[in-house]
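Subject: Structure for your review

Dear colleague,

Please find below the structure that I am handing over to you. My findings follow it, and I would be grateful if you would read them alongside the coordinates.

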Amino acid sequence: MGILGLSKLICDKAPSAVKENEIKNYFGRKVAIDASMAVYQFLIAIRQDGNQLTNEDGEVTSHIAGLFYRTIRLLGNGIKPVFVFDGKPPQMKSGELAKRAERREQAEKELAKAQESGEAADVEKYSRRLVKVTREHMDDCKKLLRLMGIPVVEAPTEAEAQCASLVKSGKVYATATEDMDALTFHSSRLLRHLTFSEARKMPIQEFVYEKVLEEMEMTHEQFVDLCILLGCDYCEHIRGVGPKRAYDLIKQYRSIDEILKNIDLKKYTVPDGWVYKDARQLFLAPDVAASEDVELKWNDPDEEGIVKFMVEEKGFNEDRVRSGIKKILQNRQKSTQGRLDDFFKVLPSTPKTKKRKSDTKIKSESAKKRAKGGSGFRKR
């Protein structure tokens, strides 16, 4: 779910913190990708005749096709991806997972009705809602990525938190996910639409977290409280408090603790036994693997290993698979060029309004010489 309404709120309150880029602008960048989100997108989007791709044995292969070809596109644009996989969900997320199970059950009922009435559009809509990323899907993806020579990181708990940790440590440039809670975990940069921007002909949306805090005039702790008020995966939110009201309350009272002392509890319903403090702690100190213990290494692909997995085990066309591997090898050579700003530190420019005293003195002496008829330079 992420954080409800956060992207729009940032665009409204901190517009300079958001920019749109073409994928080519990330050449040479290392990016941590939320694997679960990417795989879910592939299962939803990569279909044939309205159904997920399957092999002759009836196994779903949409996730494998999506991961293979779109990772090749990322490499082709000079991006060095790192796929981060979720570990065990925090206990606090159990409520959200139960709600998702209820929504799936309702979707199953609606799908049955749509199939009975023959409403093709509704059948498609509810079929997509029933898509679920399984452990088998994730195991397939980990195996393929390792064969492709792409780093795989398995987070202790939430992938977004691990991605944010890698960004903060400088190991990667940004977190790529559609869930805005990567910012709540303090990812310095968040990229949305990265894994499907070219396929959907849409720009990548980049959020710069320090600019978000600067424009909103908030600390990280206040931003975390804002996100809890908006609605997160770990606890309920105050009923009746929407995005605008949540923002105004944080600006006025600076914390949930102070808000609870001052709001009209008859007008706004606070959940019984509200565990906002636990949610806050989870965002401020998430369970992640120490960045220094995470090794990121991009290797040459195992061509025969990929062919065995994709062609012999999963039924893909061998010519197309080998053609994809060839592109990976070509892109590996291209990516070694790197970015200029990886090698040179850009010094801050001197403001135009401020002049150094030495510059002023030189100009003053030159002006005096010109007044006397001299140029200030010795003739040859």
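A residue is called buried when its relative accessible area is under 20%, exposed when that value is over 50%, and partly exposed in between. Please note that this is a predicted model.

By this cut-off H193 is buried, because its relative accessible area is 13%. H193 lies in the loop that links β8 (189-192) to β9 (204-208). Its backbone also deserves attention: the phi of H193 is near 75°, a positive value in a residue other than glycine. Most residues other than glycine have a negative phi.

E217 likewise has a positive phi, near 55°, and is not a glycine. This residue is found in the loop between α9 (209-216) and α10 (220-230). Is E217 buried or exposed? E217 is exposed, since its relative accessible area is 56%.

I turn next to the interior. The largest nonpolar core has 56 residues, and those touching the most other members are F68, V84, L144, L194, I306, M310 and V321. Helix α3 (residues 62-76) contributes the most to this core, giving seven residues. Leaving aside residues up to four places away in sequence, V321 touches F68, Y69, I306, V307, M310, V311 and F316. There is also a second, separate core of 45 residues, which includes F223, C227, I228 and I263.

Helix α3 also packs against helix α2 (residues 35-45). Their axes are 8 Å apart and meet at an angle of about 115°. The two helices, α2 and α3, are therefore roughly perpendicular to each other, and α2 passes α3 in a right-handed crossing. Which residues make the contact? From α2 they are V39, F42, L43 and A45, and from α3 they are S62, H63, G66, L67 and R70. Sorted by class, the contact of α2 with α3 comprises five nonpolar, three polar and one charged residues.

Finally, one pair of residues brings together distant parts of the chain. K327 and I72 are 255 residues apart along the chain, while their C-alpha atoms are separated by 7.1 Å. K327 belongs to helix α15 (residues 318-335). With a relative accessible area of 44%, K327 is partly exposed.

With kind regards

Note on methods:
Residues are numbered from 1 along each chain as its sequence is written. This is a predicted model: local features need pLDDT of at least 70, side-chain atom pairs count only at pLDDT 80 or more; totals for chains, interfaces and linings use all residues. Side-chain values use heavy atoms; hydrogens and water are left out. A nonpolar core is a set of buried Ala, Val, Leu, Ile, Met, Phe, Trp, Tyr and Cys residues joined through side-chain atoms within 4.5 Å. Buried means under 20% relative accessible area, exposed over 50%, partly exposed in between (1.4 Å probe, protein chains only). Helices (H or I, at least four residues) and strands (E, at least two) are DSSP runs, numbered from the N terminus. Contact means heavy atoms within 4.5 Å. Axes are lines fitted to C-alpha atoms, for helices over the stretch in contact, and angles run from 0 to 180 degrees between N-to-C directions. Angles under 35 degrees count as roughly parallel, over 145 as roughly antiparallel, 65 to 115 as roughly perpendicular and the rest as oblique. A crossing is left-handed if the near helix is turned anticlockwise from the far one by less than a right angle, and right-handed if clockwise. Ala, Val, Leu, Ile, Met, Phe, Trp, Tyr, Cys and Pro count as nonpolar, Asp, Glu, Lys and Arg as charged, and the others, Gly among them, as polar.
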